[in-house]
Amino acid sequence: FVPMIHPDDRARVVDHHVRRLRGETLEQRYAFRVVTKQGATKWVELSAVMIEWDGQPATLSFISDISERRELEQAIVLGEKTGFPQTDAARKTLATL
């Protein structure tokens, strides 16, 4: 999985994983980018908890594609800066994600 992580986010994601395995308390959810086989960049959110697997510490991780949500968040920010009239529609859509 590590090779799929965007190069700019890779060190942070690996650091979080290693530190979590050492028993450090870290945020359970965080976002980062991955690069698909087709070369597209997608935003994902990882939610991880510590578990024990075969007597060893391990993580159970769930990853969700949040690309659409990030795009809408950026549209809202841009709309607030420019007065773009569809900001309310973007907010309503974001609230349903």
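Student: Is M50 buried, partly exposed or exposed?
Tutor: The model is predicted, so local features require a pLDDT of at least 70 and side-chain atom pairs a pLDDT of 80 or more, while totals for chains, interfaces and linings use all residues. Residues are numbered from 1 along each chain as its sequence is written, and side-chain values use heavy atoms, without hydrogens or water. Buried means under 20% relative accessible area, exposed over 50%, and partly exposed in between (1.4 Å probe, protein chains only). Because its relative accessibility is 37%, M50 counts as partly exposed.

Student: Which residues does M50 touch, beyond those up to four places away in sequence?
Tutor: M50 lies in strand β2 (strands are DSSP runs of E of at least two residues, helices runs of H or I of at least four, numbered from the N terminus). M50 and L21 are 29 residues apart in sequence, yet their C-alpha atoms are 7.4 Å apart. With contact taken as heavy atoms within 4.5 Å, M50 touches R20, L21, P57, A58 and T59.

Student: What is the phi of D54?
Tutor: D54 is found in the loop between β2 and β3, and its relative accessible area of 73% makes it exposed. Most residues other than glycine have a negative phi. D54 is not a glycine, but its phi is positive, at about 50°.

Student: Which residues form the largest nonpolar core?
Tutor: A nonpolar core is a set of buried Ala, Val, Leu, Ile, Met, Phe, Trp, Tyr and Cys residues joined through side-chain atoms within 4.5 Å. The largest one has eight residues: I5, V13, Y30, F32, V34, V44, L46 and A48. At least two residues of this core come from each of β1 (29–35) and β2.

Student: Which residues are in contact with V13, leaving aside neighbours within four places in sequence?
Tutor: V13 belongs to the largest nonpolar core. Its contacts outside that sequence window are I5, Y30 and F32.

Student: In what order do the elements of the chain run from the N terminus?
Tutor: The secondary structure comes to three helices and three strands. From the N terminus on, the order is α-β-β-β-α-α.

Student: What share of the exposed area of the chain do carbon and sulfur atoms supply?
Tutor: Of the 97 residues in the chain, 26% are buried. The chain exposes about 6,900 Å², by the Shrake-Rupley method with a 1.4 Å probe. The share supplied by carbon and sulfur atoms is 54%.

Student: Among contacts between residues at least 6 apart in sequence, what percentage join residues at least 24 apart?
Tutor: The pair M50 and L21, for comparison, is 29 residues apart in sequence. Contacts joining residues at least 24 apart make up 27%.
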